[in-house]
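Open the structure in your viewer and keep the selection panel at hand. The stops below go from a whole chain to single residues and then to the places where chains meet.

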Amino acid sequence: MQSRAARLLYFVDLAGTLLFAIEGASAGIQSELDVLGLTVLAFCTAVGGGIIRDLLIGSVPPNALRDWRYSAMAIGGAAIVFFFHPLVRQTPANLLMVLDAAGLSLFAISGAGKAMLRELPPINAILLGAITGAGGGTIRDVLLAKVPTVLWSDVYAAAALAGATVMVVLRRLGVSPVVSAIAGGLICFTLRVVSVWRHWSLPWVH
Amino acid sequence: MQSRAARLLYFVDLAGTLLFAIEGASAGIQSELDVLGLTVLAFCTAVGGGIIRDLLIGSVPPNALRDWRYSAMAIGGAAIVFFFHPLVRQTPANLLMVLDAAGLSLFAISGAGKAMLRELPPINAILLGAITGAGGGTIRDVLLAKVPTVLWSDVYAAAALAGATVMVVLRRLGVSPVVSAIAGGLICFTLRVVSVWRHWSLPWVH
Amino acid sequence: MQSRAARLLYFVDLAGTLLFAIEGASAGIQSELDVLGLTVLAFCTAVGGGIIRDLLIGSVPPNALRDWRYSAMAIGGAAIVFFFHPLVRQTPANLLMVLDAAGLSLFAISGAGKAMLRELPPINAILLGAITGAGGGTIRDVLLAKVPTVLWSDVYAAAALAGATVMVVLRRLGVSPVVSAIAGGLICFTLRVVSVWRHWSLPWVH
């Protein structure tokens, strides 16, 4: 039973990696990069957050380098964008956003969960969840010489933080890992989707 | 006695973290970031240098992630800037510069000291001192898509290098750790403050 | 015999580090950095790729920090550019390109080789070869707030990937380490030099 849950999680993780790779490579098209540039962006976007997390918790070589499937997903995502970019462009923005929110939720929860295994303080486990979710996109933006969207955009990393917080708090209250993870993931997903739909943004300093 | 010194150092370290966090968040205000963006900048500026150092010397999870107080300082610094930014803006620039020089000195000395514990060659211990002191500001500038001030600005990382050099050389000459650290810290602090006061800069290539 | 080969490799590695340092510092001159900025760029360009590789495979402190000669090469490269930059500027571009191709080949092969020692999957060993070769230049470009040339430029990281692929495949086929390394290095070097000579570039998305 547990092993079926673990296998499901693994497939969802790979699916999230593929999706993030497609998003990363798409960002490269707008910047007129060549095919290798697309692949580098796809790779950094897809596995960058997880690699930073693994470096920070001392889990080296990072998961994404020990398992060839993550690299394969990243390359596959870049190939999809390269060969089918007219199709990718026609994908409804809302569908991409919902899929991205799912990936964000998954990465935030799994990141915070791995940090808890290393017995980091709760506040830093939450932080590592957000880094896992939003770190790849941040590297992508840095490589494109842009101010990372996470610094000024709508509710993105904030949703990851909220979801990770819910999960960590529930775990500390004794709720089972699976239920805590699902609750945290749903909070992150809902917050992200609703915030785009309702045009929420975080307060600014004027 | 030793434990009192260690406790003092710890409080000074946290104070330096808070100060660097305030500086990092202030940089975010000028770039029109939202409240989470401020916090991310505060966090990276305050603990980024120390985290890079810990990753490079293999001390993982990094100190700043094992102890929740560092994250608390970073978040507190961002909150201070967010709620009291008119006050922060009115703080005399000279006062901020002197406080920043104190933080730089402390981080440079503690960074070089930790590198020496790992028996790195002296030249690299000095380097790690400068990275600890100036690394956070470099990450902040990269995130803001600017050429890091450390590359072209006045005597900043150079002061950290000088202070770390003095400390490492004194230690190699057999001077006690405490005296070496104080001497190195004073050199860094004095060099930084005097260089701003006298408008010193490093030579350029024309 | 083996120890003579190892010593030769070590000297070639240091020579490559010096060359990459000179290139990194030269990039700083065009951006009007001060002498410390040149040195930082030289250091990041020369040892950045190897440090990222070492962090990712869990070999800490990274090789470039354990051995003072690498820092000395980086500082030496910056000093050469600072004091003799008119000479450096007059160096024929073709000579620099050929030397750089040699450094790239060496770093790509050594990087992939070290990754194989950690029993990473072949695809990720190849990736680490490319990161070792092209990572330093990427950090340099990020610090200069430019889109890294690796993302859009001619055949550079692609040559590193090709050379690393040849080496890894030959090793898997049972060819001896030395022969595999030489074959991979020659492929990388030839591909790079010929691609510049014939103005090859990777396909773009239009």
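What follows is a tour in five stops.

This is a predicted model, in which local features need pLDDT of at least 70, side-chain atom pairs count only at pLDDT 80 or more, and totals for chains, interfaces and linings use all residues. Residues are numbered from 1 along each chain as its sequence is written, while chains are lettered from A and ligands numbered from 1 in the order in which they are written.

**Stop 1: chain A as a whole**

Select chain A and show it as a cartoon. How many helices and strands are there in chain A? Chain A has nine helices and zero strands; both are DSSP runs numbered from the N terminus (helices are H or I, at least four residues; strands are E, at least two). Along the sequence the pattern reads α-α-α-α-α-α-α-α-α.

Now turn chain A along its principal axes: its C-alpha atoms fill a box of roughly 50 × 45 × 30 Å. For 206 residues, a compact globule would have a radius of gyration near 17 Å, and the 16 Å of chain A agrees with that. This radius is taken over C-alpha atoms, and the globule rule is 2.2 Å times the number of residues to the power 0.38.

Of the 206 residues in chain A, 56% are buried. A residue counts as buried if 20 or more other C-beta atoms lie within 10 Å of its own, as exposed if 12 or fewer do, and as partly exposed in between, with C-beta atoms placed from the backbone.

Take the contacts in chain A between residues at least 6 apart in sequence: 69% of them join residues at least 24 apart. Two residues are in contact if their C-beta atoms, placed from the backbone, lie within 7 Å.

**Stop 2: helix 8 of chain A**

Select residues 157-172 of chain A, which are helix 8. At 1.5 Å a residue, its 16 residues should span 22 Å, and the end C-alpha atoms are indeed 22 Å apart. The expected span is 1.5 Å times one less than the number of residues. Helix 8 of chain A is mostly covered, with 13 of its 16 residues buried. Just after this helix, click A:Gly174, which takes a positive phi of about 95°.

**Stop 3: helix 2 of chain C**

Move to chain C and select residues 35-57, which form helix 2. Its 23 residues should span 33 Å at 1.5 Å a residue, and its end C-alpha atoms are 33 Å apart, which agrees. Where is the kink in helix 2 of chain C centred? Look at C:Val47, where the kink is about 55°. The bend at a residue is the angle between axes fitted to the seven residues ending there and the seven starting there.

Because 22 of the 23 residues of helix 2 of chain C are buried, this helix is largely enclosed by the rest of the structure. Next, click C:Gly58, which follows the helix and has a positive phi, near 80°.

**Stop 4: one residue, C:Gly163**

Select C:Gly163, in helix 8 of chain C. Is C:Gly163 buried or exposed? It is buried, with 31 other C-beta atoms within 10 Å. Beyond its neighbours within four places in sequence, C:Gly163 is in contact with residues including C:Ser105, C:Ala108, C:Gly184 and C:Ile187. Draw a distance from C:Gly163 to C:Ile187: they are 24 residues apart in sequence, and their C-alpha atoms are 5.2 Å apart.

**Stop 5: where the chains meet**

Show chains A and B together. Here 25 residues of chain A are in contact with 24 residues of chain B. Helix 2, helix 6, helix 7 and helix 8 of chain A each supply at least two residues of the side that touches chain B. The largest share, four residues, comes from helix 6 of chain A. By class, this side of chain A has 20 nonpolar, three polar and two charged residues. Ala, Val, Leu, Ile, Met, Phe, Trp, Tyr, Cys and Pro count as nonpolar, Asp, Glu, Lys and Arg as charged, and the others, Gly among them, as polar.

Finally, show chains A and C. A turn of 120° and a shift of 0.0 Å along the axis lay chain C on chain A with an RMSD of 0.0 Å. The two copies are thus related as by a three-fold rotation axis. Copies are superposed by least squares on the C-alpha atoms of residues with pLDDT of at least 70 in both. To find the axis, select C:Ala145, which of the residues of chain C comes closest to it, at 3.3 Å (C-alpha).
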